[in-house]
Amino acid sequence: MSAGDRDPMLRPSPDALLEKAKAEARGRLKIFLGAAPGVGKTYEMLLSGRAKIADGVDVVIGVVETHGRKETQALISGFEIVPRVKLPYKGQLLEEMDLDAILARRPDWVLVDELAHTNAEGSRHPKRYLDVKELLDRGINVYTTLNIQHVESLNDVVSQITRIRVRETVPDSIIDMADDVEIIDLTPDDLIKRLHDGKVYVAKTAERALTNYFTPGNLTALRELALRRTAQRVDDQLLTHMQANAIAGPWAAGERIIVSVDEDPRSASLVRYGARMASRLRARWSAVYVETNRSINLTEMQRDTIAATLRLAEHLGGEAITLPGRGVAEELLQHAAANNVTHIVTGSPSKRRWRDSFTASVADQLIRGAGDVSVHVISGNDKDAPVAPRGVASAAAATSFDLKAYLLATGYVAITLLFGAALDQILDVRNLALVFLMAVLTSAVIHGLRPALYSSVLGSLAFNFFFLPPRYTFTISDPESVLALFFFFGVAIIASNLTATVQRQAAAARHRARTTEDLYLFSKKLAGTGTLDDVLWATAFQLASMLKVRVVLLLPEDGTIAVRAGYPPDDTLDDADIAAAGWAWEHNLAAGRGADTLPGAKRLYVPLRTGRSAVGVIGLDSDRRDGPLLTPEQQRLLDALADQAALAIERIQLVGDVDRAKLTVEAGRLRSALLTSISHDLKTPLAAILGAAGTLRDYLDSMTEEDRTDLLSTIVDESERLNRFIANLLDMTRIGSGAMQPNSAPNFIEDIVGSALRRSAKILIHHQIDLDIAADLPMVRVDPVLLEQVLFNLLDNAAKYAPEGSTIDLKSWANAYNVFVEISDEGPGIPANDLERVFDTFYRVGKGDQVRAGTGLGLSICRGFVEAMGGTVTAANRQDRQGATFTIRLPRANDIPELEDLK
């Protein structure tokens with residue numbers, strides 16, 4: 001960059017420098033973006049990788065999907081391929097990119113195909129783009145591929161175009177993170193020809209794709225989306241470069257528009273013009289209000305107009321920006337230079353004011369200082385329905401006459417009069433005017449403009465009466481004294497006005513800072529709440545404290561609107577209030593006190609709106625029984641608070657919807673698993689019982705005693721198995737319904753272990769049991785029946801998975817706080833990804849045919865029983881040999897008195 005490119009008046013943007021520093025601290029990311037499958041993203045990525053290898057760069061393949069395409073497969077030769085990790089999933093092994101192996105290998109570049117891919121369960125991250133983020137954070141550069149339909153912000157647009165909803169998406173922040181985005185483009189005709197040639201899908205799949213997805217219209221629309229999203233990323237990179245290097249714009253590589261708005265009612269028509277212009281140019285745009293010293297003198301109606309105009313800009317898709325500055329044109333031009341703005345829309349001067357004779361209008365200043373930026377001066381129309389009216393009357397701001405301020409101002413003048421009398425013999429009479437000027441400035445600083453003007457008049461009269469000859473009259477004989485009095489009065493007026501303005505600005509700044517702090521704390525509080533009741537209570541309290549009103553919050557309930565919270569607590573509504581609240585909810589408009597609709601209600605009802613719909617209604621009331629309730633400033637504050645509250649309520653409701661959807665899916669899964677389990681685990685023992693009983697009935701006389709004994713044993717064993725299954729189902733029902741109430745009492749763990757071993761003797765007949773029970777174990781407060789069932793289930797599980805003739809270890813020991821029971825087998829162990837999932841209801845670890853089937857309930861029941869007794873149960877793999885270990889931790893019964901205490 002040449003020295004002439006840098007503007008000496010601009011400083012590098014801290015945000016741009018910070019973004020640049022973050023990018024330099026991590027690995028580089030290049031995305032090969034395509035409009036549709038088959039355009040050649042993977043092929044181009046492999047070519048780029050081969051070019052890196054030719055330059056001596058260390059490049060490996062993390063994961064590449066060739067989809068059987070020969071030309072793509074041919075490019076893989078010559079690359080080092082990191083072996084994929086195999087993860088078990090529903091009885092089969094799935095291959096995923098081995099993130100740990102790549103991190104250990106630490107290549108310069110790694111090729112990762114299909115960025116939007118969802119990883120198999122058991123992977124470190126649920127999505128592949130999260131794997132890529134970890135690689136980048138570790139300083140490894142990444143080449144990756146992505147189709148435009150997987151971009152999150154475009155998901156709805158793609159679904160509307162193709163009529164197909166894409167489930168795997170990538171956040172836009174990943175694209176914004178990319179250092180390079182290369183568009184891989186093919187015309188629709190070329191891509192359709194590749195489909196016909198079998199270079200994308202096999203014949204049947206290609207035929208179906210051509211009918212449903214790969215139509216010329218769809219491909220053209222997707223191609224435009226890919227090109228525009230890439231252009232947007234490049235535009236962001238250009239702006240960051242210009243801000244980081246303090247380069248003055250514009251560089252008209254892309255269009256950016258700002259609309260200058262102020263208190264003029266015509267600003268709404270300027271905003272609409274800017275929105276239409278942005279739509280034609282496909283450009284980003286924003287509405288900018290510059291807050292100058294004049295802003296402090298605006299009326300409440302003018303402030304309301306500005307706020308409503310900025311809200312209109314946001315509603316039309318623009319960004320609302322408020323900038324502090326000394327001059328409107330100066331600040332707009334600086335903002336345009338810093339943000340690469342190419343078009344400024346401003347209004348033409350409506351009426352020529354006296355100050356326009358001395359200074360140029362904003363439009364004139366913009367035209368003269370815009371340089372390469374286009375300035376659009378629009379006349380606008382103040383009758384063009386400027387902003388949707390609130391439908392709520394505004395209360396007048398309190399402006400009471402403060403007699404105390406004027407009395408104090410009189411006192412300040414009296415004090416300066418005494419000082420003047422004391423200094424009369426020392427100072428020239430014209431210098432005594434400075435003493436009276438102190439009274440004026442003191443009044444302006446402490447009490448504001450009007451008491452300061454009063455001090456100016458009173459001080460001028462006192463100065464004339466007591467010090468200008470002839471004294472003690474209001475007559476002035478010396479022309480120089482007339483001039484001195486005139487200038488004293490003029491200086492006093494100007495000084496009082498300037499001082500009072502500074503004082504008002506300081507007060508406004510303090511008020512703004514206090515309001516901003518309250519809004520920030522409110523948003524922080526809402527972000528930390530997890531329940532709807534907490535959100536409603538926080539909202540009611542914040543509204544009541546900031547607006548000084550009484551608040552009720554109403555939410556839809558069973559087809560109507562009902563009070564859910566209030567501050568102070570109040571849930572009584574009369575008929576007029578119920579009607580007003582219902583109307584506000586149904587029509588999404590304000591109703592009640594001070595509104596255009598149902599003004600006879602006691603409260604004002606305002607809907608809580610989000611971008612989707614209304615989520616509730618706010619009811620406001622105060623001790624003042626007549627007239628409008630809120631000032632315009634309070635109405636603007638209500639808008640800000642209501643917007644935050646509505647978003648928080650919607651977030652809680654969406655979380656609830658997601659949870660209910662998950663429960664529905666989980667219930668469906670459990671229902672399916674239960675039906676499968678019942679059909680197998682009930683049918684199998686019943687079939688064995690029926691078969692054995694039928695054989696005994698038909699062939700009893702011809703059978704030997706040994707055969708009859710075997711069949712009777714089969715009937716007993718299968719009946720016991722069936723009984724255990726039904727008992728497990730009943731136990732899970734008790735746990736799921738919350739009806740599990742352990743009958744806990746102090747017990748010795750050895751007694752319960754012995755009972756469980758006797759009960760499971762038939763199951764363990766083909767295994768050896770190695771007991772290691774520590775001496776002098778303390779008692780534990782448990783339900784012995786439940787703990788015996790837990791031990792029985794764990795022993796049954798060990799016998800089921802451990803081979804015949806193997807040893808099952810049962811150990812128990814204690815520490816200062818807990819008693820532990822550990823059961824270990826010599827079976828195949830538990831896959832690392834299933835160590836926690838084995839306790840899920842109906843979950844079964846994949847096993848071979850030699851292992852008898854289980855219901856998937858036993859371990860789930862173990863966890864439910866143990867946790868009901870205040871303990872925990874965990875699963876692990878043995879460290880000394882092959883096998884699984886289950887460890888139960890139970891708290892010691894420390895409330896049992898010692899034997900000596902009982903004597």
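How many bridges join strand β9 to strand β10, and do these strands run parallel or antiparallel? In this predicted model, six bridges join β9 (residues 256-261) to β10 (residues 284-291), and the two strands run parallel. The views below begin with the sheet that holds this pair.

**View 1. An open sheet of five strands in the order β11-β10-β9-β12-β13.** The pairing throughout this sheet is parallel, and its edges are formed by β11 (319-324) and β13 (374-378), each of which pairs on one side only. From one strand to the next, the twist averages 25°. Within the pairing of β9 with β10, Ile258 has Ser286 of β10 as its bridge partner. On its way to the edge, β10 is joined to β11 by six bridges, again in parallel, and here Glu291 has Pro324 of β11 as its bridge partner.

**View 2. Helices lying across the parallel sheet, α12 and α14.** Helix α12 (residues 300-315) lies across β9, β10 and β11, and its direction runs at about 165° to that of β10. Together, β10, α12 and β11 make a β-α-β unit that is right-handed. Helix α14 (residues 362-369) lies across β12 (343-347) and β13, running at about 160° to β12.

**View 3. Glu263, in the loop between β9 and α11 (267-281).** Is this residue buried or exposed? Because its relative accessibility is 15%, Glu263 counts as buried, the cut-off for buried being under 20% relative accessible area. Leaving aside residues up to four places away in sequence, Glu263 touches Arg294, Leu298, Gln302, Thr305 and Ile306.

**View 4. Helix α15 (residues 403-423), with its buried and exposed residues.** The 21 residues of α15 should span 30 Å at 1.5 Å a residue, and the end C-alpha atoms are indeed 30 Å apart, so the expected and computed values agree. The buried residues of α15 are Ala405, Tyr406, Ala409, Tyr412, Val413, Thr416 and Gly420. They cover an arc of only 110° around the axis, which puts them on the same side of α15. An α-helix has 3.6 residues a turn, so residues three or four places apart point the same way. On the face of α15 turned away from the buried side are the exposed residues Lys404, Leu407, Leu418 and Ala422, whereas the buried residues pack against α16 (433-447) and α17.

**View 5. Helix α17 (residues 449-467), a packing partner of the buried residues of α15.** This helix of 19 residues reaches 26 Å from its first C-alpha to its last, close to the 27 Å expected at 1.5 Å a residue. The buried residues of α17 are Pro451, Ala452, Ser455, Ser456, Gly459, Ser460, Ala462, Phe463, Asn464 and Phe467.

**View 6. Strand β18 (residues 614-621) and the strands paired with it, β14 and β17.** Eight of the eight residues of β18 are buried, so the strand is largely enclosed by the rest of the structure. Five bridges join β18 to β14 (residues 550-557) in an antiparallel arrangement, and in this pairing Leu554 stands opposite Val617 of β18. Strand β17 (residues 604-609) also runs antiparallel to β18, to which it is joined by six bridges. Val617 recurs here, as the bridge partner of Pro607.

**View 7. An open sheet of five strands with mixed pairing, in the order β20-β22-β23-β25-β24.** At the edges stand β20 (768-773) and β24 (872-877), each with a single partner strand, so one side of each is left without a neighbour in the sheet. The twist in this sheet averages 15° from one strand to the next. Strand β20 is joined to β22 (residues 807-814) by six bridges, and these two strands run parallel, with Asp770 standing opposite Asp809 of β22. Helix α23 (residues 749-759) packs on the sheet, touching β20, β22, β23 (818-824) and β25 (884-891), and its direction makes about 175° with that of β20.

**View 8. The whole protein chain, with 26 helices and 25 strands.** Of the 903 residues in the chain, 43% are buried. Among contacts between residues at least 6 apart in sequence, 69% join residues at least 24 apart.

Technical notes:
Residues numbered from 1 in each chain as written. Predicted model: local features only at pLDDT ≥ 70, side-chain atom pairs only at ≥ 80, totals over all residues. Heavy atoms only, no water. Pairing = 2+ DSSP bridges. Helix = DSSP H or I, 4+ residues; strand = E, 2+ residues; numbered from the N terminus. Axes fitted to C-alpha atoms, helices over the stretch in contact; angles between N-to-C directions. Contact = heavy atoms within 4.5 Å. Expected span 1.5 Å × (residues − 1). Buried < 20%, exposed > 50% of the residue type's maximum accessible area, 1.4 Å probe, protein only. Right-handed = clockwise from strand over helix to strand, strands pointing away. Arc of directions from axis to C-beta.
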